[in-house]
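Visitor: Got a minute to walk me through a model? I'd like to start with the general layout.
Guide: Sure, here it comes.

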Amino acid sequence: MRRIGDAPLVRRLLIAAAVGLSGLFLLLPLVAIFAQAFSQGVSVFWSNVSDFYTLHAIGLTLGIALLTIPVCLVFGVALAWLVTRFSFPGRRLLQTLIDIPFAVSPVVAGLIYLLLYGRNGWIGSWLNSHDIQLMFAWPGILMVTIFVTCPFVARELIPLMQAQGSREEEAAVTLGASGWTTFRRVTLPNIRWALLYGIILTNARAVGEFGAVSVVSGAIRGQTNTLPLHLEQLYQDYNAVGAFACAALLALIALLTLAAKAGLEWRASRREAFA
Amino acid sequence: MSIRLDNIAKHFGATQALEPINLDIQEGELVGLLGPSGSGKTTLLRIIAGLETADHSPTPGRILFGERDVTHVHVRDRRIGFVFQHYALFRHMSVYDNVAFGLTVMPRAKRPSAQDIRARVYRLLEMVKLEAFANRYPAQLSGGQQQRVSLARALAVEPDVLLLDEPFGALDAKVRQELRRWLRHLHEEFNFTSVFVTHDQEEALELSDRVVVMSNGRIEQIDTPETLYRAPQNRFVFEFLGDVNYLEGKVHNGTLTCGDAHLAVDLPDGDAELLLRPHEIRLAEQPTPESHLPVTITAISPVGAEVRVELEADWLAEPWLATVRHADFNRLALRRGQRLYAHPRHWRRFPEATENAEVQTHLA
């Protein structure tokens, strides 16, 4: 007997639709990016990539991502620990607040930061009088990037830590382990895959963020231009090959991230099968 | 190490989980905390462990291990072993690493050498008959094996007190029986003080030197299993320790009447409720002048040492359960639908005002 929803016609139709749509909307654009980037040969691609401003944009983007990840990591773990291991009034509200960066458009986030920390902003004017400039400089880019990416790690950890409960940690403490030892030897190994997954997502978003960054960076070439902003500028300047070379770099980073994620998922499923 | 609880109470928000409790546990004793869910037994165990803190107000309680006041001592410094209901083994560590954990986290000055740790872990694994499983992971073990690892892990640090939270609750009946016997044996051999929580009266009565019966955050009775079963102090204890049959009626001139049933009792006139255990009911084909309780058999379960027989009658609000020896079962040729007479050998009464049991025995 055939199971419900397993009619061959339905199955074939669904598979065809899935393959067709992902080919059209995902695979084709990806191929087009690389085709465009290499349309005038490898040497033109290479000269575009090794251009000073492009190299600077790559450096700034990776630097911001490298600084963002540890901040989000510590923030996410601390928040997940707080929400899953303690009960206090406002716990649910806090869990909702974590999602604000997901709910708010990044452009709005950028504008708020500009309003607060810009030269004429509430905090910014005070900072300005002390000669500290956050907006239109890399610290501003870092701040909005952290704002946009901070929920990823916590979002990955909270459901897992809720499901695992605190029994293992209690067991560790009854056996005489200190708080730090318990975290390092019991909690961390149990959450490490979710943690890595959260880092991968954070990294992908930090590298690709456009909206919030474009508001606060000022897009000064060679100074505050990140790779996505640089890409847009090149395109506006009718340098299509240069723009697509940058796009190819970003796509490459995305592909590497996806590969890392797939690798982790494969390992996790193997561990489950093994266990 | 003896345990002494002095005026220990606990609130969770506005609900009182434990009324102020005093409890003395002797060195080397195996004590069972028995009660239905929500009776506060697990809370009490966790307070002894230090995983929960007792109320500070209105009057602060005290917990003593021997002469040592541990009220304000952190869990990790109380020198307890705790066995969790669902084992709580470290899932990413091998059986060996689980058992060794407590030894490897000791401060460097007190930590045994690597060889000593190894020797001790293998001795414990041998004790729980799991030497061959040292390199396995918890998920590769059965429930009973996991619980044995969890016991070995708790004993590795040589605790003063072993606390077990429903240790066999999640296991099937046969494994549970085996582990119970094994824990009893272990306890006799090593003579540690232990407290365990259970909602299974059979387990509590079989395993404990003394049983603490709890309900609604209160201790109802503390006694040896024999005393508890023979002389329950109140109705709750009696009802919780086994199946109960009820007979409600009016007493007039030494006869309790209920519909067309009557029974000679030595009670003053008025309403009365009698409580009987299933083994206190004898079945016969004829009534006697003292006892006329006509019943009909509605179900028979011949599994186990005795045959369980369900009885119904017009005068009964709820069916009765009687247990009959296989020999009697065969002699009376019991079958469903058969009409018989029940004869109480023995019954109890818990008048609400006095709370004390009144027991009458009728030798049949």
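Visitor: Which domains is chain B divided into?
Guide: Chain B has domain 1 (3-240) and domain 2 (245-361), with bounds from an automatic or database domain assignment. Their C-alpha centres are 40 Å apart. This is a predicted model: local features need pLDDT of at least 70, side-chain atom pairs count only at pLDDT 80 or more, and totals for chains, interfaces and linings use all residues. Residues are numbered from 1 along each chain as its sequence is written, while chains are lettered from A and ligands numbered from 1 in the order in which they are written.

Visitor: OK, and how many residues of chain B are in contact with chain A?
Guide: 20 residues of chain B contact 15 residues of chain A, contact being C-beta atoms, placed from the backbone, within 7 Å. On the chain B side, β6 (80-83) and α2 (95-104) each give at least two residues. Helices (H or I, at least four residues) and strands (E, at least two) are DSSP runs, numbered from the N terminus.

Visitor: Is α2(B) enclosed or not, and why?
Guide: Largely enclosed by the rest of the structure, because 8 of its 10 residues are buried. Buried means 20 or more other C-beta atoms within 10 Å of a residue's own, again placed from the backbone. Among them are Y96(B), V99(B) and F101(B).

Visitor: What covers those buried residues of α2(B)?
Guide: The cover includes α10 (167-174) of chain A, plus α3 (114-127) and α4 (143-156) of chain B.

Methods:
Two residues are in contact if their C-beta atoms, placed from the backbone, lie within 7 Å. A residue is buried if 20 or more other C-beta atoms lie within 10 Å of its own, exposed if 12 or fewer, and partly exposed in between; C-beta atoms are placed from the backbone.
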